[in-house]
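Here are a few exercises to work through with the model open beside you. Try each task before reading its solution.

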Amino acid sequence: MLPRLSVNKSGRVFLLTIALWFVVISPAFAAAQTDDPLAPAMESARRKRDPVELESLKSQLEQRISPNPKDASSQYKLALVDSYLVDVAESRKDKKAAIAALDKAIEADLRAIHLDDKSADPHSLLADLYGRKIGLGGGMLAGPRFGPKVGAENKRAMALDDKNPHVWASAGRQYLMAHKAFGGDPAKAIDSFKKSLALEPNQDETWVWLAKAYEKQSDKANAHDAIQHALQLNPQNPSAQETSKSLDK
């Protein structure tokens with residue numbers, strides 16, 4: 001079972017906060033996220049990874065950006081939507097579409113960072129996107145090419161805001177997905193995910209990653225506990241559903 005301090009406390013916080021659903025983000029993006037009329041649609045699309053919703057959001061964001069290409073927040077949101085479309089393509093086993101969506105996500109996120117280099121979230125997202133370039137089979141040179149970029153972006157994000165849960169979650173993914181020879185360490189991944197969840201307990205996606213980290217350590221008891229937290233927060237999470245099934249095998 002998960003340590004009493006990390007899970008039981010997180011569970012109590014979840015019960016207290018579920019009615020006050022909140023999202024912790026970097027200050028530069030806070031006002032735009034809170035006041036954005038697209039925010040509910042963004043959250044719905046994130047939770048469900050529905051391709052129709054995502055394509056609609058992508059179109060609306062592109063229309064918003066067209067007359068105002070220096071809108072850093074919208075560029076970042078476009079990168080997020082494209083990153084969700086990578087998930088959709090991968091679930092359909094469409095590698096070509098996944099790579100195309102990933103490249104678009106990177107382009108949009110780089111534009112966001114160029115416009116506002118002082119926000120941690122775009123740097124954390126870019127670290128994740130570079131990591132996915134490796135995972136999508138970029139050949140033998142993908143690791144050496146993108147691995148250092150993952151580390152650099154996570155380091156930059158941590159320097160900008162080490163109290164940001166997304167920053168710690170991205171660092172955890174780096175430790176989990178990297179080869180041991182290049183700094184991969186499931187134990188450090190678990191520690192990073194726990195730090196992220198201590199800052200924001202209602203991240204269903206980070207609970208899934210915590211479950212995967214425990215699974216990698218052959219700790220099925222803690223993996224089951226983590227995935228149940230994810231499913232309680234978001235029963236529609238496709239990754240949580242898939243991970244739950246794999247743990248039951």
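Buried means under 20% relative accessible area, exposed over 50%, and partly exposed in between, using a 1.4 Å probe and protein chains only. This is a predicted model, in which local features need pLDDT of at least 70 and side-chain atom pairs count only at pLDDT 80 or more, while totals for chains, interfaces and linings use all residues. Residues are numbered from 1 along each chain as its sequence is written, and side-chain values use heavy atoms, with hydrogens and water left out.

**Exercise 1.** Find what share of the chain is buried, and how many helices and strands the chain has.

*Solution.* Start with burial: of the 249 residues in the chain, 46% are buried. Next, take the secondary structure, where helices (H or I, at least four residues) and strands (E, at least two) are DSSP runs numbered from the N terminus. The chain has 13 helices and zero strands. Finally, turn to contacts, meaning heavy atoms within 4.5 Å. Among contacts in the chain with a separation of 6 or more, 63% join residues 24 or more positions apart.

**Exercise 2.** Check the span of helix 10 (residues 186–199), then work out how its buried residues are arranged around the axis.

*Solution.* The expected span of a helix is 1.5 Å times one less than its number of residues. For the 14 residues of helix 10 that gives 20 Å, and the end C-alpha atoms are indeed 20 Å apart, so the two agree. Now list the buried residues of helix 10: Ala189, Ile190, Ser192, Phe193, Ser196 and Leu197. They cover an arc of only 165 degrees around the axis (taken from the directions from the helix axis to the C-beta atoms), which puts them on the same side of helix 10. The general rule helps here: an α-helix has 3.6 residues a turn, so residues three or four places apart point the same way.

**Exercise 3.** Which residue caps the N-terminal end of helix 10?

*Solution.* Look at Asp185: one of its side-chain oxygens lies 3.0 Å from the backbone nitrogen of Ala187.

**Exercise 4.** Locate the lysines that lie over the faces of Tyr130 and Trp209.

*Solution.* The test asks for NZ of Lys or CZ of Arg within 6 Å of the ring centre and within 35 degrees of the ring normal. For Tyr130 the partner is Lys149, at 5.3 Å from the ring centre. For Trp209 the partner is Lys212, at 4.6 Å.

Methods: Polar contact = N/O pair within 3.5 Å; in protein donor to acceptor, adjacent residues only side chain to side chain.
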